[in-house]
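Work through the exercises below with the structure open beside you. Each task is followed by a solution in steps.

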Amino acid sequence: MLMSNTTPNTIYLKDYTVPEFLISHTTLHFDLDANNTIVRSTLNVRRNPACQKDHPDLVLMGEDLSLLSIQIDGTPLTAEQYTLTDESLTIHQPRNEFVIEISNSIIPSSNTALSGLFESNAMLCTQCEAEGFRRITWFLDRPDVMSIYSVTIEANKDKYPILLSNGNRSEQRDLDNNKHAASWHDPFPKPSYLFALVAGDLACLSDTFTTCSGREIALEIYVEEHDLDKTQHAMQSLKNAMRWDEEAFGREYDLELYMIVAVSHFNMGAMENKGLNVFNTKFVLASETTATDDDYKSIEAVIGHEYFHNWSGNRVTCRDWFQLSLKEGFTVFRDQQFTAYQTSDAVKRIKDVNMLRTHQFAEDAGPLAHPIRPDQYAEINNFYTLTVYEKGAEVVRMLHTLLGEQNFRKGCDLYFDRHDGQAVTTEDFIKALEDANGVTFNQFKHWYNQAGTPIVSATTQYDSKASTYSITLKQHCPATPNQATKEPFHIPVSIGLIGENGDAITLSNDKTTTVLELLEPEQTFMFNDINSEPTPSVLRGFSAPVRLKLKLSTEQQVQLFTHDSDTFNRWEAGQNCFTEVIFNTVKAIQNKQNPPTLPPTLIEAFRLVLQAPLNDLTYQTLLLNLPSKAYLIEQMPTLDIDALYQAHHFVKHALARSLKDSWFTGYQQHHQADAGISSNDIAQRSFKNLCLSYLMALDEKKLTGLCAQQFNGAKNMTDQVAALSLLSHLDDEQSAPFFDAFYTQWKGEALVIDKWFTLQACTEKASALDSVKKLLKHPDFDMTTPNRVRSVISAFAMANPLHFNAADGSGYEFIADKIIELDRINPQIAARVTNSLSRWRKLDADRQQLVKQQLSRIQSQTALSKDVLEIVTRSLAA
Ligand code: B3K
Ligand code: ZN
């Protein structure tokens, strides 16, 4: 804890030095008790030959620990031989090689920060990434110290019949006093952040997986007994992921056992601890009645993500936390490829880009912008960001685009081979891709050290006499904190040309798509033998994380929306048209003029898509979806939230009215209350729920009745939540009975009740903030459960921009109160919520003042965590 107004200590990448000592073997003994756990650790320590320092001290990190005893090579240390502070245990000038034994106690039941060893319901479990291991015992808690772990856990047999740790089981035995012990050994050296321990009364779903080399792996998913029937999908997802990683990346699983444990109290989605993943229940548990189709998909994606870390993160890990994107960006790219393979390339790409542009671009445009490999931090947990993860994945995707599938794979094979068992840097990753292919990526590396979203402006010129078509691309990247100017990026711009009749034009590479490599601030690319002026389809597949500025006429956009063979750009054309229409409507509202009417060609193009039988109905649904309000907020230089909502409603209403019959027919054709969870059922549901949302925009009694009918007759969570979400904006008298019915039906199902909280926190009704305040008094609300906090407080701050940005500042004040309260319980979660106050520069002058007041109020609190202090300080910095 820090005193108020102190700037948190900053750690710099440039200061990195190799560790002075290494720990070859770590033996841990736990005597578990929720109120007093005794940890005994035995570390085989030796001087690091790579460190040049003479007689260094051994500085072990530790936090919130009580020291019981300490000895070296069997002899207790005298008081002069060591120094203890709140953050470290220093052994003065020890020998070159020795065994240190430390005994300490911790109190898991009071660990509400959920970092280290903590209690969740009746179980005990750990979270060590990034720096939680030091809250268990003193250690060289840094990722470049990799050690082999042997662990013994001792506990009461009734309370904790299941005792788990990393690696393979080595022994289980009974002890006196109704206790028992289990021993585990993990043969793979690992950094402390991958250590895990779980103890509890858990039920288990078991299965097996036979690897490509014929080894049989035991698979075990542990949950609380009452959730056992919701684990099948997670198990199938795990098997799919294991198979895919063998086929797509040649990666085989290494231990005899792979375990997943679902816990209710967790700061994030899941954690890739070696052989023992710990998951938020949200990303494990699913049944048709309790989980939506999207929940099913995210479970498969997260299970895949954590599994893929076994190679990209665990076997090859990060040298230091600045390299976080080495494992996270790469693993997100791998999980995206996996999901695309399991579902649809087109749909997956659109969803990922939508998320990136809505949320990561916002981060890159605000005071918290940082490169995917940051060069400084105060609290590393604040850097598990969309930039490090999602933009990091885009950077890997660009490398994949530039090298092509096969060469990219060659590079990855070399990377895994060369660095197996090592802790490395993003430079090492690039070097492996370069060496495997005999190429260099010097300029490309700016993607790692420069923050901000580049703007690429494109202009075109057609010369009918010479039959040439040229495109000029200019790049520029706005300033970001600590980086006023930038070097030009290496940007792959995938492009195709569409002829007059809508056909794709064959380009000089005999293909209809080619990748232009933009390296200079400005570059012109020429296409020959082009017989009439084409429509350009630029940045196909969103080939780089940039903002593209390209002026196309409505006719050209409609042509792309109708004919582009690139599924991403086809969707993008529709989005661009509607973005323009909505922003024109915003302007009209601001100027108190009549809103413009929708271009008839656009409505017609929409009608065609709506009525056409397409192969991929989920893709068709996306084509018909208006740009979200969140996306539009990011696109607006100065936010006018009220005008934006009005304009969005106006355009949606106009589209709903123009195509009312088709929406209605679409709904009737695809609505089947009894449908299951086949991909076709899921696609039909997404389509008809979109139709329903247009119909509800008409605000007609009969159509509200249709929605109510869907709610009442719903046999799956997707339909129930889709209907309830549409009903949630009606006045209380109309919506309350539905919320009451939902609560009565699902009381006790925590993940479903989270949805109930969220839908109320996100209502557009004027009473939103009052209901949020009421929800916090609900007996099911609990500040120590991150999922619950996210379902109400984060939902309001991040997903209800209308009321969060209320003109009187009540939204900001409320969130600031909650941040202050939360910070004393769980700093990581509090810091996440604080992000919502960072984008004040895009608000009007009055609101800017209101947010700044709240940020300063938070900053002036005593004993603020460094997590929140860092976000507040950076948010306020000029
Ligand atoms: N590596 C973890 C995230 C840890 C977050 C620590 N604050 C999950 C993941 O990205 O797979
Ligand atoms: Zn990850």
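**Exercise 1. Charges**

Find how many positive and negative side chains the protein has, and how far apart the centres of the two sets lie.

Solution. The model is a predicted one. Counting Lys and Arg as positive gives 79 side chains, and counting Asp and Glu as negative gives 110. The centres of these two sets lie 3 Å apart.

**Exercise 2. Overall form**

Decide whether the radius of gyration agrees or disagrees with that of a compact globule.

Solution. Start with the chain length, which is 878 residues. For that number, a compact globule would have a radius of gyration near 29 Å. The protein has 28 Å, so the value agrees with the rule. Next, take the extent of the C-alpha trace along its principal axes: about 85 × 65 × 60 Å. Then turn to burial: a residue counts as buried when its relative accessible area is under 20%, and 60% of the 878 residues do. The accessible surface comes to about 34,400 Å², and carbon and sulfur atoms make up 48% of this area.

**Exercise 3. The zinc site**

Identify the protein donors of the zinc ion (ligand 2) and place them along the chain.

Solution. First list the donor atoms: NE2 of His305, NE2 of His309 and OE of Glu328. They lie 1.9 to 2.1 Å from the ion. Second, write their spacing, which is H-x3-H-x18-E. Third, locate two of the donors: His305 is in helix H2 (residues 293-308), while Glu328 is in helix H3 (residues 324-342), 23 residues apart. Last, check their exposure: both His305 and Glu328 are buried.

Notes: Residues numbered from 1 in each chain as written. Chains lettered and ligands numbered in written order. Predicted model: local features only at pLDDT ≥ 70, side-chain atom pairs only at ≥ 80, totals over all residues. Heavy atoms only, no water. Rg over C-alpha atoms; globule rule 2.2 N^0.38 Å. Buried < 20%, exposed > 50% of the residue type's maximum accessible area, 1.4 Å probe, protein only. Areas by Shrake-Rupley, 256 points an atom, 1.4 Å probe, with all protein chains shown as cover. Charge placed at Lys NZ, Arg CZ, Asp CG, Glu CD. Donors = N, O, S within 2.8 Å, 3.2 Å for Na, K, Ca; no water. Helix = DSSP H or I, 4+ residues; strand = E, 2+ residues; numbered from the N terminus.
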